[in-house]
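Reader: Could you take me through the salt bridges in this one? I'd like a close look at who pairs with whom and how covered the partners are.

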Amino acid sequence: MAVVTRYLDLAGVFSCAMLGGAVARTAGLDLFGFLVVGIISGLGGGMIRDVLLQHGTPVALTDYAYLTTAVAGSVVVFLIKISEDSWNRLFTALDAAVIGFWAVTGANKTLAVGLGWLPAVLLGTITAVGGGALRDIILGRIPAVFGGNGLYATVAVAVAGVTVICSYLGLPALGVGLGVGLALAFRLLSVHYGWNLPNGLDWEPQSKVASAVRRRIGPATGKGEEEKSQPPEESS
């Protein structure tokens with residue numbers, strides 16, 4: 001299980017380093033900027049997790065494959081000229097898988113050191129979203145995890161929860177498959193239909209389904225109110 005967790009972690013590192021490089025290109029950074037942003041994006045979430053666990057030196061500093069993988073992801077994007085929007089479209093499915101990889105990894109590593117289900121869900125979520133949040137902060141952007149781009153942290157919470165449940169049932173391998181599958185389905189559906197969490201008391205759903213419902217019932221409601229507001233006609 002430890003070997004599977006390591007490869008899932010590295011897959012997440014490479015993918016998010018590439019996305020970090022795409023953001024660096026949009027910001028007009030040089031090669032050093034690409035490397036810094038890519039490394040922070042790829043390693044940030046895992047390093048936050050390992051520091052919070054206080055169970056030895058963060059794995060990114062002891063296993064050279066992590067830093068090498070992050071550098072490789074950044075360089076790939078530096079060599080291939082493609083916009084951030086194109087990368088986002090191209091890697092929507094991969095991004096969804098990465099949420100699964102890291103949420104599963106974070107939850108399993110937390111359980112492995114003897115902590116309970118709630119810390120496992122929390123650190124699984126932090127592992128999945130931490131690197132991207134740090135990347136956005138150093139570039140002066142509002143972290144994407146705070147909303148407006150489909151459900152993100154919510155997906156990570158759900159995946160980490162499934163992983164913990166399967167682990168408690170003695171089926172950790174099943175938890176990996178279900179977690180990654182759930183991340184793919186949940187994230188892709190939320191992006192496609194525009195699902196987002198409420199951002200205030202006056203919030204209205206912005207998904208395509210909600211918009212269609214509002215268009216269908218809006219005119220009828222308005223017409224009814226208009227008819228009610230008009231005085232009754234006098235009979236002749």
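Author: Here's a walk through the salt bridges, pair by pair. Keep in mind that this is a predicted model. The structure holds six salt bridges, and I'll pick out a few.

Let's start with Asp63 and Arg6, whose closest N and O atoms sit 2.8 Å apart. Asp63 is in the loop between helix 3 (59-62) and helix 4 (64-79), while Arg6 belongs to helix 1 (residues 2-26), so this pair ties together parts 57 residues apart in sequence. The two ends differ in cover: Asp63 counts as buried because its relative accessibility is 17%, under the 20% cut-off, whereas Arg6 is partly exposed at 30%.

Helix 1 also supplies Asp9, which meets Lys109 in a salt bridge at 3.6 Å, N to O. Lys109 lies in helix 6 (residues 92-112), so here the parts being tied together are 100 residues apart in sequence. Asp9 is buried, with just 2% relative accessibility.

Then there's Arg135 with Asp136, a salt bridge at 3.1 Å, N to O. Both partners are buried: Arg135 has 7% relative accessibility, and Asp136 has 1%. Back to Asp9 and Lys109 for a moment: salt bridges with shared partners join them with Arg49 and Asp50 into one network.

As for the helix around that Arg135 pair, helix 7 spans residues 117-138. Helix 7 bends by about 45° at Val129, and after the helix comes Gly140, with a positive phi near 70°.

Terms used
Residues numbered from 1 in each chain as written. Predicted model: local features only at pLDDT ≥ 70, side-chain atom pairs only at ≥ 80, totals over all residues. Heavy atoms only, no water. Helix = DSSP H or I, 4+ residues; strand = E, 2+ residues; numbered from the N terminus. Expected span 1.5 Å × (residues − 1). Bend = angle between axes of the 7 residues up to and from the residue. Salt bridge = Lys/Arg side-chain N within 4 Å of Asp/Glu carboxyl O. Buried < 20%, exposed > 50% of the residue type's maximum accessible area, 1.4 Å probe, protein only.
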